[in-house]
Amino acid sequence: MAKRSKPRPTATEKLHRKKNEKKVRLEANFAGLKAGEMMFVATPLIVDSYIRKIPEGESRTVHGMRNELARRYKCDGSCPVSTAIFVRMSADAAIEQMEAGSKISEVAPFWRILKSGDKIAKRLAVDPDWIDMQRQMEGLSVT
């Protein structure tokens, strides 16, 4: 009898997996931080919560978010790799939720932190023009 594989987790399930934030003392230089400095590693839900709190008509950058989170958690910087992964997880979950019928006002407004030309945006299951359209509707720049 063939072994049945588990269904793949949804984007929303991945976003809500239990993870703890970390503070890591760097042993070597990494991502603009020097050895000995403290790096913050967020969680998917911390990043999702940050994105959800960006007011309509305002935008942020991933780099700016990393700096804000580092200050909030009393670190010298935030991990660019995990943060980018978590931004994508938040966006993927938002897209999935809209496809399932959620209103745009009920999902994380990832278009306020991503632009259509961003690497992350190009990997999402949404047309990059849709991101530009959402940004334009809120009076945000698309370049």
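**View 1. Ring pairs join Phe110, Trp111 and Trp130 into a cluster.** The model shown here is predicted. Its aromatic pairs number 4. In one of them, the ring centres of Phe110 and Trp111 are 5.4 Å apart and the planes stand at 70°, so this pair is edge-to-face. Phe110 and Trp111 are both buried.

**View 2. Trp111 also pairs with Trp130.** The geometry is edge-to-face, with 5.5 Å from centre to centre and 90° between the planes. Trp111 sits in the loop between helix H4 (80-99) and helix H5 (119-122), and Trp130 sits in helix H6 (residues 128-137), so the pair ties together parts that are 19 residues apart in sequence. Trp111 and Trp130 are both buried.

**View 3. The largest nonpolar core holds 34 residues.** Met65, Val87, Phe110, Ile113, Leu114, Leu124 and Ile131 have the most contacts inside this core. At least two of its residues come from each of H1, strand S2 (38-41), helix H2 (44-52), helix H3 (62-72), H4, H5 and H6. The top contributor is H4, which gives 7 residues. Phe110 links this view to the ring cluster, where Phe110 appears with Trp111 and Trp130. In soluble globular proteins, nonpolar side chains tend to be buried together.

**View 4. Val87 is among the residues with the most contacts inside the largest nonpolar core.** Neighbours within four places in sequence are left aside here. Val87 then touches Val47, Ile51, Val62, Met65, Ile113, Leu114 and Ile120. Of these partners, Met65, Ile113 and Leu114 are also listed among the residues with the most contacts inside the core.

**View 5. A second core, of 5 residues, is separate from the largest one.** Its members include Leu26, Leu33, Met39 and Val41.

**View 6. Lys14 lies in helix H1 (residues 11-15).** Lys14 is partly exposed, and its relative accessible area is 32%. Residues up to four places away in sequence are not counted among its contacts. On that basis, Lys14 touches Pro9 and Met89. Lys14 and Gly36 are 22 residues apart in sequence. In space, their C-alpha atoms are 32 Å apart.

Key
Residues numbered from 1 in each chain as written. Predicted model: local features only at pLDDT ≥ 70, side-chain atom pairs only at ≥ 80, totals over all residues. Heavy atoms only, no water. Phe/Tyr/Trp six-rings, centres within 6.5 Å; stacked < 30°, edge-to-face > 60°. Buried < 20%, exposed > 50% of the residue type's maximum accessible area, 1.4 Å probe, protein only. Helix = DSSP H or I, 4+ residues; strand = E, 2+ residues; numbered from the N terminus. Contact = heavy atoms within 4.5 Å. Core = buried A, V, L, I, M, F, W, Y, C linked by side-chain atoms within 4.5 Å.
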